[in-house]
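I sat down with this one to look up a few things and jot them as I went. Here is the model I had open.

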Amino acid sequence: MTQGTIGVVGAGQMGAGIAHVAALAGKRVVLVDVTPDLAGKGLRGIEKNLSRQVEKGKVSAPDRDAALARIVATADLSRLAEAGLVVEAIVENEGVKRDLFARLDSLVPPLTILATNTSSISITRLAAGTKRPDRFIGMHFMNPVPVMALVEVIRGIATSDETTEAVLALAKELGKTPLLCRDFPGFVANRILLPMLNEAFFAVHEGVATPDAVDGIMKLGMNHPMGPLTLADFIGLDTCLAILKVLHGGLGDDKYRPCPLLVQMVDAGWHGRKSGRGFYRYDGPGGEKLS
Ligand code: CAA
Ligand code: NAD
């Protein structure tokens, strides 16, 4: 079912990462974004990350070139008509995702699996907006996709066993370790991660410590590879806020209330590393952290 072409919609940091690992695993990939420029930007990011892997001796130069040759980057959604599975990785907004899935549902063949990389939104509700809830599933990759081993696989209430088996097999083909969970707000990864990040936002908001100190304490004290504020900037503060709203609304507990400082920063357009400013400043969108 997942043989042949993989479609990826959204060529941001996650969509580009998913296209990267799928192409490297030998899949043909159609990578779609809203404009040719954005799709091209995603492809250039993949080229840069693959070249980094070549420099580190993890990927050979011919394998990089072959992987790049397997990716078509386009703004034309109709190019997905040949895909056996489409992974959606667009903005974390239920309405926008539902609109996209309605279009995809009428475009791709009836047997094609629709998967979402959502961080938190109900798989069951997204699936209910299509005519194929049995062939709809959550396939939650972690950031950065080429490096992180996990794919959280989330079954909606109507997801079939065949769809689940096909997606578990695909995740393994991509070199990942899939772990299954049920469809509850934030699933497992973000139900546990985001309250910790939110607590770090509150620590800064309440003047308990500076961002550098909060991050240093968690890195040196807990052996985390990144401090929580660096990680939040890396994920995207807009995405962090969207996930917290789903947790707060869906689980109904005030312990998930998004920190007002986070809300204000997102209102200001400070979306973290991808916008050039978050808890830290970067040398441009997606750039290196400035000291
Ligand atoms: N593509 C390919 N390779 C990459 C890469 C990318 N985008 N980003 C990093 N790498 C590679 C580097 O080349 C390097 O490879 P080697 O081990 O061969 O040297 C390796 O990853 C480590 O990178 P760096 O040396 O540059 O930097 P680092 O040691 O600080 O590691 C990191 C970077 C892997 C991102 C590490 O800081 C880390 O693990 N951070 C935490 C990431 C995390 O928690 N992710 C989950 C986020 S939450 C989520 O994804 C779910 C959600 O819904 C929000
Ligand atoms: P991003 O902002 O980097 O990229 C989103 C991309 O989607 C943009 O390029 C945008 O132009 C494109 N897009 C928006 N609407 C579109 C549409 N209708 N059709 C085609 N393209 C469209 O976001 P991201 O960090 O890559 O996150 C994407 C998804 O992955 C979200 O659902 C997010 O919650 C999830 N996710 C994010 C992370 C993370 O760490 N950032 C980790 C796991 C899952």
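My entries follow, from the domains down to single residues.

**Ground rules**

I am working on a predicted model, where local features need pLDDT of at least 70, side-chain atom pairs count only at pLDDT 80 or more, and totals for chains, interfaces and linings use all residues. Residues are numbered from 1 along each chain as its sequence is written, chains are lettered from A and ligands numbered from 1 in the order in which they are written, and side-chain values use heavy atoms, with hydrogens and water left out.

**Domains**

I started with the split: domain 1 covers 5-181 and domain 2 covers 191-275. Those bounds come from an automatic or database domain assignment. I get 26 Å between the two centres, taken over C-alpha atoms.

Next I looked up how the two domains meet. 7 residues of domain 1 are in contact with 6 residues of domain 2, contact being heavy atoms within 4.5 Å. Domain 1 and domain 2 bury about 590 Å² between them, with 63% of it on carbon and sulfur atoms. Buried area here is the accessible area (1.4 Å probe) that two parts lose on being put together, summed over both. On the domain 1 side, Q13, E92 and S120 supply 59% of the area buried against domain 2, more than any other three residues.

What about charge and polarity across that interface? I find 0 salt bridges between domain 1 and domain 2, the term meaning a side-chain nitrogen of Lys or Arg within 4 Å of a carboxyl oxygen of Asp or Glu. The polar-contact rule does find 2 residue pairs across the interface, both at pLDDT 80 or more. That rule takes a pair of N or O atoms within 3.5 Å; within protein, one must be able to donate a hydrogen and the other to accept it, and residues adjacent in sequence count only if both atoms are side-chain atoms.

**Salt bridges**

I count 10 salt bridges in the structure. E94 caught my eye, as it turns up in a bridge with R98 (closest N and O atoms 3.8 Å apart) and in another with R125 (2.9 Å, N to O). The E94-R125 pair links distant parts of the chain, with E94 in helix α4, R125 in helix α5 (residues 123-128), and their positions 31 residues apart. E94 and R98 are 4 residues apart in helix α4, so about one helical turn separates them. Helices (H or I, at least four residues) and strands (E, at least two) are DSSP runs, numbered from the N terminus.

Then I checked exposure, with buried meaning under 20% relative accessible area, exposed over 50%, and partly exposed in between (1.4 Å probe, protein chains only). E94 is partly exposed at 24%, R98 is partly exposed at 35%, and R125 is partly exposed at 44%.

I also noted D161 and R155, whose side chains meet in a salt bridge (2.9 Å, N to O). R155 is partly exposed, at 28%. Salt bridges that share partners join E88, E92 and K97 into one network.

**T112**

Buried or exposed, I wondered about T112. T112 counts as buried, at 2% relative accessibility. I find T112 in the loop between α4 (94-107) and β5 (113-116). A polar atom of the T112 side chain lies 2.7 Å from the backbone oxygen of A83. Not counting residues up to four places away in sequence, T112 touches A83, G84, L85, V86, R132 and R135.

**K219**

K219 sits in helix α8 (residues 211-222) and is partly exposed, at 39% relative accessible area. Leaving aside neighbours within four places in sequence, K219 is in contact with H224, P225, M226 and G227.

**Backbone oddities**

Most residues other than glycine have a negative phi, and most peptide bonds are trans. I went looking for departures.

- The N143 to P144 peptide bond is cis, with omega near 0°; P144 is in the loop between β6 (136-141) and β7 (150-155).
- F187 has a positive phi of about 55° although it is not a glycine. F187 is in the loop between β8 (177-182) and α7 (189-205), and counts as buried at 3%.
- N223 also has a positive phi, about 60°, and is not a glycine. N223 is in the loop between α8 and α9 (228-235), and is exposed at 70%.
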